[in-house]
Amino acid sequence: MNDFAFENQSFLWGNEAGPIRILSEYLHPKAEFNEHGITDTIVVFGSARIPSKEKSQTKNPSPLEGLSQYYEEAREFSRLISEWAEVLKLDTPNRNLLICTGGGPGIMEAGNRGAKEAGAKSVALNIVLPHEQHPNPYVNKELTFEFHYFFMRKLWFMKTCRGMIAFPGGFGTFDELFETLTLVQTGKKSRIPILLYGTKFWTEVINFKKLAEMKLISEEDLHLFGFADSPVEALRFFQEKIRFELTHSEGTKT
């Protein structure tokens, strides 16, 4: 007896079934988000290469190990946000704010780890890559999703996003940061708080003011994001901007 079409792996991985795979990467997270009552997320971006303090204390230190402070600060920030999210539920019982990361190592791991240390769950949107990016050990399995398509993963980063924080990182971090800024700038995404963590890093690697001086962006675009240099400062940034919105809006439809 032949397999049903929806059980036929050679068909499902063929060119003709591409739309089915894409739709599955939309419908499966949607169903799980709804089942677990996830209405809002704060997305944590940053380098997958930045090690924790434990991993940086090795016999053969690498230049990246000097950046391990960002791992620890991302971890602390996520813990603080997760603790605040529990308090926020008292005013907004129909809302559920969680940390969301890319699910891999480095800053992503720090985000999931901080949430877990606060006794909270977090979302992990992992991507299957040639060099095998595996979910970090601090993710919640029921809220961990493996994506084949980058664009579907990007959709879910933004779908319930109420705030985004970018720690130092490389191409992937820049990609997500500028995509988010572009979506907000063009009105395709409602205005959300966007925070660049590590003022020295971000102002050295990107001359935002020069872009405005050259009229490649407007002066108003410089107000689409802020800077912070401590987990507490970052927490306050989001508290000020998110509390009112969550208590006066109906949430994001998924």
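Is Ala120 buried or exposed? With a relative accessibility of 16%, Ala120 counts as buried, where buried means under 20% relative accessible area, exposed over 50% and partly exposed in between, with a 1.4 Å probe and protein chains only. This tour returns to Ala120 after a view of the whole chain.

The model is predicted, so local features need pLDDT of at least 70, side-chain atom pairs count only at pLDDT 80 or more, and totals for chains, interfaces and linings use all residues. Residues are numbered from 1 along each chain as its sequence is written, and side-chain values use heavy atoms, with hydrogens and water left out.

**The whole chain**

Begin with the complete chain displayed as a cartoon. Its secondary structure comes to 10 helices and 7 strands; helices (H or I, at least four residues) and strands (E, at least two) are DSSP runs, numbered from the N terminus. Along the principal axes, the C-alpha atoms fill a box of roughly 65 × 50 × 45 Å. A compact globule of 254 residues would have a radius of gyration near 18 Å, and the 19 Å of this chain agrees with that. That radius is taken over C-alpha atoms, and the globule rule is 2.2 Å times the number of residues to the power 0.38. Of the 254 residues, 50% count as buried.

**Strand E2**

Select residues 97-101, which form strand E2. Because 5 of its 5 residues are buried, E2 is largely enclosed by the rest of the structure. In a regular strand the side chains alternate between the two faces of the sheet. Display the side chains here: Leu97, Ile99 and Thr101 point one way, Leu98 and Cys100 point the other way, and all are buried.

Next, add residues 40-45, strand E1, which runs parallel to E2 and is joined to it by 4 bridges. Two strands pair if DSSP finds at least two bridges between them. One contact to locate is that of Asp40, whose bridge partner in E2 is Leu97.

**From E2 to E3**

Now select residues 122-127, strand E3; 3 bridges join E2 to this strand, and the two run parallel. Ile99 stands opposite Ser122 in E3, and Cys100 has Val123 as its bridge partner there. Follow the chain from E2 through helix H5 (residues 107-117) to E3: this β-α-β crossover is right-handed. The term applies if, with the strands pointing away from the viewer, the path from the first strand over the helix to the second runs clockwise.

Ala120 lies on this route, in the loop between H5 and E3. Select Arg79 as well: it is 41 residues from Ala120 in sequence, and the two are 8.5 Å apart in space, C-alpha to C-alpha.

How many of the 6 residues of E3 are buried? The count is 6 of the 6, so E3 is largely enclosed by the rest of the structure. Ser122, Ala124 and Asn126 lie on one side, with Val123, Leu125 and Ile127 on the other. Beyond the pairing with E2, E3 is joined by 4 bridges to strand E4 (residues 144-147), which runs parallel to it. Select Ile127 to find Phe147 of E4 opposite.

**The largest pocket**

Rolling a probe the size of a water molecule over the atoms shows where empty space is left. The largest pocket holds about 610 Å³ of space. Of the 24 residues that line it, the closest to its centre are Ala48, Met108, Leu129, Gln133 and Gly172; select these five to find the place. On a 1 Å grid over the protein atoms alone, a pocket is an open set of points where a 1.4 Å probe fits, with protein on both sides within 12 Å along at least five of seven lines, and lining residues have an atom within 4 Å of a point. A volume is the space filled by probe spheres set on the points.

The elements that give two or more residues to this lining are E1, helix H6 (150-159) and helix H7 (171-185). H7 gives the most, with 5 residues.

**Two loop residues**

Select Thr160, in the loop between H6 and strand E5 (161-166). Thr160 is buried, with a relative accessible area of 1%.

Finish at Lys215, in the loop between helix H9 (208-213) and strand E7 (226-228). At 68% relative accessibility, Lys215 counts as exposed. Most residues other than glycine have a negative phi. Lys215 is not a glycine, yet its phi is positive, about 65°.
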